[in-house]
Amino acid sequence: MPGWLEAGAWGLLGGAALVVGAAVAWFVSVPSKVVAAVMAFGAGVLISALAFDLAEEAAETGGLTTTAVSFLVGALVYVGANALLARRGARHRKRSGDQQPSESEQGGSGAAIAIGALLDGIPESVVLGVGLLGGGGVSTAVVAAVFISNVPEGLSSVAGMKRAGRSAGYVFGVWGGIALVSALAAAVGYAALGSASPQVIAAITALAAGAILTMIADTMIPEAFERTQVYTGLITTLGFLVAFTISRLGG
């Protein structure tokens with residue numbers, strides 16, 4: 001299988017997890033505390049993958065300075081884009097409650113939420129595509145982290161969309177489209193960076209990692225804490241340990 005196609009397949013797998021979560025939320029009434037607990041677990045899984053796979057690998061390949069600068073740039077870019085989308089109604093796009101505005105309450109919020117969801121997913125897809133460069137396979141821990149975290153992301157966000165009166169066509173159009181764009185982003189990331197130096201690949205990996213960590217703090221953890229509160233830290237820690245164990249066993 002060509003490398004770009006394999007990268008696209010991994011990106012599609014990660015995006016498909018969002019659709020799975022969306023379908024569960026649409027057809028099944030999941031208690032909000034369960035949604036929040038799974039969100040906290042997914043946040044811990046992603047944090048572990050960032051620390052022990054992405055950031056560590058980027059630092060070993062590109063050096064600490066390049067990694068630190070790229071990580072910070074990724075965070076700043078995400079914050080800037082997220083701030084713009086928040087003004088359009090996408091601030092609570094991952095909330096399962098009634099915080100998301102309906103289209104009648106804030107015109108254009110549907111498009112902003114869709115773009116915001118895409119903003120959250122693209123860095124993960126790029127990481128999956130870049131991970132195949134250099135002849136190595138995609139990290140089992142990173143794939144597991146993306147999949148495990150995307151299910152509650154889709155679940156929580158769609159629960160909020162449903163409460164805001166979004167249609168099934170909108171909901172599944174958004175998440176199905178994001179799954180396809182995730183596949184495309186992973187494939188393009190692989191194809192465009194096939195001849196890039198290890199330092200450039202390390203910088204892009206760190207940039208994506210910075211954006212992902214910022215996304216966790218801005219969108220996932222607030223939703224988790226609102227419902228699970230004092231248990232949020234414990235559940236997040238369990239997610240971290242699961243991903244750390246997968247990383248050690250896979251390494």
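**Figure 1. M39 in helix α2 of the predicted model.** M39 lies in helix α2, which runs over residues 32-62. The relative accessible area of M39 is 0%, so this residue is buried. A distant part of the chain appears in the same view: I216 is 177 residues away from M39 along the chain, and the C-alpha atoms of the two are separated by 9.7 Å.

**Figure 2. T67 in helix α3.** Helix α3 covers residues 64-90 and includes T67. T67 counts as buried because its relative accessibility is 7%, under the 20% limit. A polar atom of the T67 side chain lies 2.8 Å from the backbone oxygen of G63. Leaving out residues up to four places away in sequence, T67 touches A55, A58, A59 and A206. Of these, A55, A58 and A59 fall within the residue range of α2, whereas A206 falls within that of α7.

**Figure 3. The largest cavity and its lining.** Three cavities of 30 Å³ or more are found in the model, and the largest has a volume of about 40 Å³. Its lining consists of L46, A49, L54, E124, V127, V142, A145, V146 and I212. Two or more lining residues come from each of α2, α4 (109-130) and α5 (140-163). By residue class, the lining holds eight nonpolar residues, no polar ones and one charged one. The charged residue is E124.

**Figure 4. Helix α5 and the residue G165 after it.** Helix α5 has 24 residues, which at 1.5 Å a residue should span 34 Å; the C-alpha atoms at its ends are 35 Å apart, so the expected span and the model agree. Most of this helix is covered, with 18 of the 24 residues buried. Just after α5, G165 adopts a positive phi of about 85°.

**Figure 5. S182 in helix α6.** S182 belongs to helix α6, residues 168-192. With a relative accessible area of 3%, S182 is buried. The S182 side chain reaches the backbone oxygen of I178 at 2.7 Å. An α-helix has 3.6 residues a turn, so residues three or four places apart point the same way. Beyond four places in sequence, the residues touched by S182 are G11, G15 and S125. S125 lies in the residue range of α4.

**Figure 6. D218 in helix α7.** Helix α7 spans residues 198-228 and contains D218. D218 counts as partly exposed because its relative accessibility is 37%, which falls between the 20% and 50% limits. Apart from neighbours within four places in sequence, D218 is in contact with Y78, V79 and N82. For one of these, V79, the C-alpha atom is 8.7 Å from that of D218, although the two residues are 139 positions apart in sequence. Y78, V79 and N82 are within the residue range of α3.

**Figure 7. The whole chain, for orientation.** The predicted model has eight helices and zero strands, in the order α-α-α-α-α-α-α-α along the sequence. Of the 251 residues, 49% are buried. Among contacts with a separation of 6 or more, 85% join residues 24 or more positions apart. The pair D218 and V79, in contact and 139 residues apart in sequence, is one of these.

Technical notes
Residues numbered from 1 in each chain as written. Predicted model: local features only at pLDDT ≥ 70, side-chain atom pairs only at ≥ 80, totals over all residues. Heavy atoms only, no water. Helix = DSSP H or I, 4+ residues; strand = E, 2+ residues; numbered from the N terminus. Buried < 20%, exposed > 50% of the residue type's maximum accessible area, 1.4 Å probe, protein only. Polar contact = N/O pair within 3.5 Å; in protein donor to acceptor, adjacent residues only side chain to side chain. Contact = heavy atoms within 4.5 Å. 1 Å grid on protein atoms, 1.4 Å probe; cavity = no way out; pocket = protein on both sides within 12 Å on 5 of 7 lines; lining within 4 Å. Points joined across faces, edges and corners; volume = space filled by probe spheres on them. Expected span 1.5 Å × (residues − 1).
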